Amino acid sequence: QVQLVESGGGLVQPGGSLRLSCSASGSIFSLYDMCWYRQAPGKQRELVATITSAYITNYADSVKGRFTISREYAKNTVFLQMDSLKPEDTAVYYCNLDVRTYNGRRGYWGQGTQVTVSS
């Protein structure tokens with residue numbers, strides 16, 4: 001079994017910064033793509049950023065130049081540094097990790113962390 005624990009959300013003023021983290025634990029053989037999604041009230045969940053096992057990154061157009069995804073391989077952790085935050089970034093943020101265990105390979109979701117950008 002794999003457990004994901006997210007942290008780092010909160011309330012921040014426009015233009016501020018937050019850093020989210022997502023750590024995986026359990027019987028993990030390998031970690032592949034690590035992603036951050038977000039879901040705002042009344043909207044569909046959207047992909048925000050991805051980092052591959054080769055450390056290749058990709059971002060949604062709405063966050064390019066403001067968000068940075070990174071990973072710490074030894075700690076099975078993915079981060080999302082969010083700068084120049086805007087009210088439209090307000091959402092619940094979820095990590096999704098592509099994991100291989102003894103049961104096979106599939107994606108796992110974090111519990112979600114609320115990010116609110118407001119003055």
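Begin with the whole chain coloured by secondary structure: from the N terminus on, the elements run β-β-β-β-β-β-β-β-β-β-β, which amounts to eleven strands and zero helices. The radius of gyration is 14 Å, close to the 14 Å that the globule rule gives for 119 residues, so the protein is as compact as a globular protein of that length. Bear in mind throughout that this is a predicted model.

With the C-alpha trace still displayed, orient the view along the principal axes, where the C-alpha atoms fill a box of roughly 45 × 25 × 25 Å. Then switch to the surface, of which the protein exposes about 6300 Å², with carbon and sulfur atoms supplying 47% of that area. Select the charged side chains next: 12 are positive and 9 are negative, and the centres of the two sets lie 4 Å apart.

Now hide the surface and turn to the interior, since 44% of the 119 residues count as buried. Select Trp-36, Val-78, Leu-80, Met-82, Tyr-93 and Leu-97, which touch the most other members of the largest nonpolar core, a set of 32 residues. Among the strands that each supply at least two residues of this core are strand 1 (2-7), strand 4 (30-39), strand 8 (77-82) and strand 11 (113-117), while strand 9 provides the largest share, five residues.

Finally, centre on Met-82 and show its surroundings: leaving aside residues up to four places away in sequence, Met-82 touches Gly-16, Ser-17, Leu-18, Leu-20, Arg-66, Phe-67, Tyr-93 and Val-115. For the chain overall, 54% of the contacts between residues at least 6 apart in sequence join residues at least 24 apart.

How values were computed: Residues numbered from 1 in each chain as written. Predicted model: local features only at pLDDT ≥ 70, side-chain atom pairs only at ≥ 80, totals over all residues. Heavy atoms only, no water. Helix = DSSP H or I, 4+ residues; strand = E, 2+ residues; numbered from the N terminus. Rg over C-alpha atoms; globule rule 2.2 N^0.38 Å. Buried < 20%, exposed > 50% of the residue type's maximum accessible area, 1.4 Å probe, protein only. Contact = heavy atoms within 4.5 Å. Areas by Shrake-Rupley, 256 points an atom, 1.4 Å probe, with all protein chains shown as cover. Lys, Arg positive; Asp, Glu negative; His and termini not counted. Charge placed at Lys NZ, Arg CZ, Asp CG, Glu CD. Core = buried A, V, L, I, M, F, W, Y, C linked by side-chain atoms within 4.5 Å.
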